[in-house]
Amino acid sequence: MTKLKRMDIQKIMTFIGGEGGYLGDFTYRKLEQFYIDNELDIEPFGESYFGTAKNRFEKILTESEVNVQAKIIQGILERYPTSYFEDQLESSYITFSERDFKKKEELREILIQLVDMLKGEIFEFDNLKHDKEFVRSTLEQAKTLITNHSYSTAVDRTHSAIHYYLKDLCKEEGITFDSELVKIQDVWSKMKTDHPNFNVDVKDSQKPINQTVNAISKFLENINDVRNKYVYAHPTDDILGENEARFVINIAYAILFYIDGKTQKL
């Protein structure tokens with residue numbers, strides 16, 4: 001994901017409108033409330049921002065991280081639905097033409113696309129066949145963190161969900177470990193050799209697939225290192241980038257649901 005470009009910012013400002021230093025129909029109080037309503041810890045009239053309401057809004061939007069930019073645009077789309085501009089079109093108090101209305105509609109579609117671009121994509125799956133409350137709850141927490149904060153804040157929860165899931169599946173099959181503190185990659189390695197749904201004869205024609213499955217162990221080792229060194233699970237100044245965090249979460253989800261389907265009891 002990349003942050004908004006200058007021309008994107010200008011399109012958002014044009015969509016909102018407002019003459020001079022005014023920003024649409026925002027008053028100072030309404031602008032403050034806008035950030036509160038969208039659960040953003042931003043004080044537009046604090047010491048960090050200067051100038052008119054429009055100047056302050058534009059500076060906040062420009063400097064914010066991608067997840068905050070997405071929430072701001074989504075908030076603007078909700079504040080200014082199509083009906084808002086239809087009312088302006090019918091008003092006798094302001095000059096607003098059919099051409100102006102069409103332009104707003106075009107800009108609205110662009111803003112919707114910008115939100116999708118900023119949010120990126122996370123794989124969507126049906127419910128796990130092995131329904132485990134801890135896993136379900138933890139993945140919901142990860143989803144909330146992605147929506148309200150960032151992908152990097154959700155890596156720890158994603159790691160916890162898979163780790164618990166693998167250990168619990170092993171427990172169900174009577175696969176034991178010498179320690180409760182066994183690493184996630186070691187849980188998977190033993191599961192792959194001892195679980196009846198994985199410990200089967202391999203066809204030569206499926207060799208590339210099996211090599212891919214074998215690579216899961218290395219990924220789990222890597223996500224373990226990422227979780228311990230590059231996200232908010234432990235104090236660090238070297239936080240994983242958003243593109244990389246989304247990439248890691250997507251792979252983790254794919255692995256989780258692959259194992260879920262593979263271990264399903266027929």
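**Exercise 1. Find which residues of α1 and α3 meet, then describe how the two helices cross.**

Solution. Start with the contact itself: from α1, the residues Arg6, Ile9, Gln10, Ile12, Met13 and Ile16 meet Lys54, Phe57, Glu58, Leu61 and Thr62 of α3. Sorted by class, this contact holds 6 nonpolar, 2 polar and 3 charged residues. Keep in mind as you work that this is a predicted model.

Next, the geometry. Helix α1 spans residues 6-16 and helix α3 spans residues 53-63; they pack at an angle of about 140°, and their axes are 11 Å apart. Roughly antiparallel would need an angle over 145 degrees, so α1 counts as oblique to α3. Last comes the hand: α1 and α3 make a right-handed crossing.

**Exercise 2. Repeat the analysis for α9 and α11.**

Solution. The axes of α9 and α11 come within 8 Å, crossing at roughly 160°. With the cut-off for roughly antiparallel at over 145 degrees, α9 and α11 are therefore roughly antiparallel to each other. The crossing of this pair is right-handed.

Now for the side of each helix that takes part: Ile184, Gln185, Trp188 and Ser189 of α9 meet Ile216, Ser217, Leu220, Glu221 and Asn224 of α11. By class, that contact divides into 4 nonpolar, 4 polar and 1 charged.

**Exercise 3. Locate the largest nonpolar core and say which elements build it.**

Solution. The largest nonpolar core has 39 residues, and Leu166, Trp188, Met191, Leu220 and Ile259 have the most contacts inside it. Two or more residues come from each of α7 (133-148), α8 (155-172), α9 (184-194), α11 (216-229) and α12 (242-262). Of these, α12 gives the most, with 9 residues.

Zoom in on one member. Leaving aside residues up to four places away in sequence, Leu220 touches Ile162, Leu166, Ile184, Gln185 and Trp188. Apart from this core lies another, of 34 residues, including Leu23, Ala53, Val66 and Val115. As background, nonpolar side chains in soluble globular proteins tend to be buried together.

**Exercise 4. Where is Glu39 found, what is notable about its phi, and is Glu39 buried or exposed?**

Solution. First, place the residue: Glu39 sits in the loop between α2 (28-37) and α3. Then read the backbone: phi of Glu39 is near 55°, a positive value in a residue other than glycine. Finally, check the accessibility: the cut-off for exposed is over 50%, so Glu39, at 58% relative accessibility, counts as exposed.

Conventions: Residues are numbered from 1 along each chain as its sequence is written. This is a predicted model: local features need pLDDT of at least 70, side-chain atom pairs count only at pLDDT 80 or more; totals for chains, interfaces and linings use all residues. Side-chain values use heavy atoms; hydrogens and water are left out. Axes are lines fitted to C-alpha atoms, for helices over the stretch in contact, and angles run from 0 to 180 degrees between N-to-C directions. Helices (H or I, at least four residues) and strands (E, at least two) are DSSP runs, numbered from the N terminus. Angles under 35 degrees count as roughly parallel, over 145 as roughly antiparallel, 65 to 115 as roughly perpendicular and the rest as oblique. A crossing is left-handed if the near helix is turned anticlockwise from the far one by less than a right angle, and right-handed if clockwise. Contact means heavy atoms within 4.5 Å. Ala, Val, Leu, Ile, Met, Phe, Trp, Tyr, Cys and Pro count as nonpolar, Asp, Glu, Lys and Arg as charged, and the others, Gly among them, as polar. A nonpolar core is a set of buried Ala, Val, Leu, Ile, Met, Phe, Trp, Tyr and Cys residues joined through side-chain atoms within 4.5 Å. Buried means under 20% relative accessible area, exposed over 50%, partly exposed in between (1.4 Å probe, protein chains only).
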